[in-house]
Amino acid sequence: PQGNAHLAAMIDPYLRIQQALQADDLDDVYDHARAMGAEAAKLGSTAQDVQTAASQFDLARDLPAARAAFGAPGEAILRSAKESDASPGEGIEVAFCPMVQKHWLQRGVEIQNPFYGKQMLRCGRFVDSPF
């Protein structure tokens, strides 16, 4: 379905941010956040929440702030997927961090926590979509 293609365009940069944060790396996070926001903008009002959440990375000047900003885009993408009845994509899992009470999306079958990175990389659990 077309909804899946549009969702994939937002999810790819989101997953790149997740991979960077789980590795304690800020390189390119801001570029990926801008790309995610630009893809969301192309979808108009249906992805306004994703665009707004992506823009919060502009205010994040360090790793803790980027991690704090990371929760909102994932939640917005999951809501957008539910509203458009689209799947996040093949091989993409939804995980939950009990420490920050937030969900994230990732590829792979081993937890890769972006909210704590290397310090607590395996903290969390896979869940069904929360929405």
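A residue counts as buried when its relative accessible area is under 20%, as exposed when that area is over 50%, and as partly exposed in between. Keep those cut-offs in mind on this tour. The model on your screen is a predicted one.

**Stop 1: the whole chain**

Show the protein as a cartoon and color it by secondary structure. You should find 4 helices and 3 strands. Trace the chain from its start and the order reads α-α-α-α-β-β-β. The radius of gyration is 13 Å, close to the 14 Å that the globule rule gives for 131 residues, so the protein is as compact as a globular protein of that length. Turn the model around: along its principal axes, the C-alpha trace spans about 40 × 30 × 20 Å.

Now switch on the surface. How much of the accessible surface belongs to carbon and sulfur atoms? Their share is 49% of about 6,600 Å². Beneath that surface, buried residues make up 42% of the 131 residues. Contacts also reach far along the sequence: among those with a separation of 6 or more, 58% are between residues 24 or more positions apart.

**Stop 2: the loop before helix 2**

Select Asp 28, in the loop between helix 1 (2-22) and helix 2. Its phi is positive, about 70°, although Asp 28 is not a glycine. Is Asp 28 buried, partly exposed or exposed? Its relative accessible area is 46%, and because that value falls between 20% and 50%, Asp 28 is partly exposed.

**Stop 3: charges on helix 2**

Before zooming in, color the charged residues. The protein has 12 positive and 17 negative charges, and the mean positions of the two groups are 3 Å apart. Side chains of opposite charge can pair when their charged atoms come close. How many salt bridges does a search of the whole structure find? It finds 7, and you can visit some of them here.

Select Arg 34 and Asp 31 and show their side chains. They meet in a salt bridge, with N and O 2.9 Å apart. Both residues lie in helix 2 (residues 29-42), 3 residues apart, which is about one turn of the helix. Arg 34 is partly exposed at 45% relative accessible area, and Asp 31 is partly exposed at 45% as well.

Keep Arg 34 selected and add Asp 58. These two side chains also meet in a salt bridge, at 3.6 Å from N to O. This pair links distant parts of the chain: Arg 34 sits in helix 2, while Asp 58 sits in the loop between helix 3 (48-55) and helix 4 (63-83), 24 residues apart. Asp 58 is partly exposed, at 36% relative accessibility. With the three residues on screen together, you are looking at a network of salt bridges that links Asp 31, Arg 34 and Asp 58.

Next, select Glu 39 and Lys 42. They form a salt bridge whose closest N and O atoms are 3.1 Å apart. Again the partners are in helix 2, 3 residues apart, about one turn of the helix. Glu 39 is partly exposed, with a relative accessible area of 23%, whereas Lys 42 is exposed at 63%.

**Stop 4: between two strands**

Finish by selecting Gln 101, in the loop between strand 1 (92-97) and strand 2 (102-107). What is the sign of its phi? The phi of Gln 101 is positive, about 60°, although this residue is not a glycine. Its relative accessible area is 53%; because that is over 50%, Gln 101 counts as exposed.

Definitions and conventions: Residues numbered from 1 in each chain as written. Predicted model: local features only at pLDDT ≥ 70, side-chain atom pairs only at ≥ 80, totals over all residues. Heavy atoms only, no water. Rg over C-alpha atoms; globule rule 2.2 N^0.38 Å. Buried < 20%, exposed > 50% of the residue type's maximum accessible area, 1.4 Å probe, protein only. Contact = heavy atoms within 4.5 Å. Areas by Shrake-Rupley, 256 points an atom, 1.4 Å probe, with all protein chains shown as cover. Lys, Arg positive; Asp, Glu negative; His and termini not counted. Charge placed at Lys NZ, Arg CZ, Asp CG, Glu CD. Salt bridge = Lys/Arg side-chain N within 4 Å of Asp/Glu carboxyl O.
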